[in-house]
Amino acid sequence: MTQATGKVSKARERLLATAGQLFYAEGIHTVGVDRLVAEAKVTNATFYRHFRSKEELAVAYIGSVDHAIRTQIGALTAAEAPPDAILRGIGASLVEQIRSPGYRGCAFLNAAAEFPDPEHPVHRAVVQHRDWFLTTITALFAEIATDSADHAGRHFVMLRDGAMSAGYLGDPVLAGETLLRGIDGLLRIHATRSDTPAAAPSPPAPLPGIDCAPPPGE
């Protein structure tokens, strides 16, 4: 990589990081290119060298959050962590996020609300992430018991969606507690469908990188 290429790469990363913070905190439609350029400390030419439009940057923003979640869960499944531990850990991570300063709901749900047209690239990026997430969660439940794994996966995603919305609009502590109780109950019911006796559950430990929001700025 040449020095010039390195500078361009850093400029793109800075634009994406800036967009992630502003889009999440204030909304994609609210933040204009001029502000993105100013806060990322790049020129207009640099912006358009990397992104043809603000909407293309928004797709990249959704993609960056999606990539972080896929990477972390992929590493855990590759390490053969127990499926129930992964599911509980995802829940614990979401609780940490819901209770964190600056929490503004799920980045994916927020973006879908701003771009309701199912054919819009931003909306499609959100749906692609959700399809992958549901498939991944369902596969984890199927490792515990194949019977009703589809139902359990959908139930888990609905618990997650409800908790992330309730945590923003209501009491984040209660939303987090309700989410963990819901996941625990779902796992206990699902484990009864397995032929293998369930091990005693461990206290849920948050898993880094499972946040449905961009990482905090430096």
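L109 counts as partly exposed because its relative accessibility is 27% (partly exposed lies between buried, under 20% relative accessible area, and exposed, over 50%, with a 1.4 Å probe and protein chains only). This is a predicted model, in which local features need pLDDT of at least 70, side-chain atom pairs count only at pLDDT 80 or more, and totals for chains, interfaces and linings use all residues. Residues are numbered from 1 along each chain as its sequence is written, and side-chain values use heavy atoms, with hydrogens and water left out.

**Confidence**

- The average pLDDT of the chain is 88 (pLDDT is the predictor's confidence in each residue, from 0 to 100).
- A pLDDT of at least 70 is reached by 85% of the residues.
- Residues 1–5 stay under 50 in pLDDT. For this stretch the model has one contact beyond four places in sequence (contact means heavy atoms within 4.5 Å).
- Where pLDDT is low, the predicted coordinates should not be read in detail.

**Overall fold**

- The chain has nine helices and zero strands (helices are DSSP runs of H or I with at least four residues, strands are runs of E with at least two, and numbering starts at the N terminus).
- From the N terminus on, the elements read α-α-α-α-α-α-α-α-α.
- The chain has 218 residues, and 43% of them count as buried.
- Take the contacts in the chain with a separation of 6 or more: 75% of them join residues 24 or more positions apart.

**Helices α5 and α8**

- Helix α5 covers residues 83–98, and helix α8 covers residues 149–169.
- The two pack at an angle of about 15°, and their axes are 10 Å apart (axes are lines fitted to C-alpha atoms, for helices over the stretch in contact, and angles run from 0 to 180 degrees between N-to-C directions).
- α5 and α8 are therefore roughly parallel to each other (angles under 35 degrees count as roughly parallel, over 145 as roughly antiparallel, 65 to 115 as roughly perpendicular and the rest as oblique).
- Their crossing is right-handed (the near helix is turned clockwise from the far one by less than a right angle; anticlockwise would be left-handed).
- On the α5 side, the contact is made by L87, I90, L94, Q97 and I98. On the α8 side, F156, R160, A163, M164 and G167 take part.
- By class, this contact of α5 with α8 has seven nonpolar, two polar and one charged residues (Ala, Val, Leu, Ile, Met, Phe, Trp, Tyr, Cys and Pro count as nonpolar, Asp, Glu, Lys and Arg as charged, and the others, Gly among them, as polar).

**Helices α6 and α7**

- α6 packs against helix α7 (residues 121–144) at an angle of about 145°, with axes 9 Å apart.
- The crossing of α6 with α7 is left-handed.
- α6 brings F108, L109, A111 and A112 to the contact. α7 brings V122, H123, V126, H129 and R130.
- Six nonpolar, two polar and one charged residues make up the contact of α6 with α7.

**Three residues in helices**

- L109 sits in helix α6, which spans residues 107–114. Beyond its neighbours within four places in sequence, L109 is in contact with R130, R160, D161 and S165. L109 and D161 are 52 residues apart along the chain, and their C-alpha atoms are 8.3 Å apart.
- I137 belongs to helix α7. I137 counts as buried because its relative accessibility is 0%. Neighbours within four places aside, I137 is in contact with L87, I90, G153 and F156. The C-alpha atoms of I137 and A149 are separated by 9.0 Å, with the two positions 12 residues apart along the chain by count of places apart.
- L179 is part of helix α9 (residues 172–191). L179 is buried because its relative accessible area is 3%. Outside its neighbours within four places in sequence, L179 is in contact with G91, L94, V95, L159, R160 and A163. L179 and V95 lie 84 residues apart in sequence, and 7.7 Å apart from C-alpha to C-alpha.

**Two loop residues with positive phi**

- Most residues other than glycine have a negative phi.
- K41 has a positive phi, near 60°. K41 lies in the loop between α2 (33–40) and α3 (44–50). K41 is exposed because its relative accessible area is 68%.
- S148 has a positive phi too, near 65°. S148 is placed in the loop between α7 and α8. S148 is partly exposed, with a relative accessible area of 28%.
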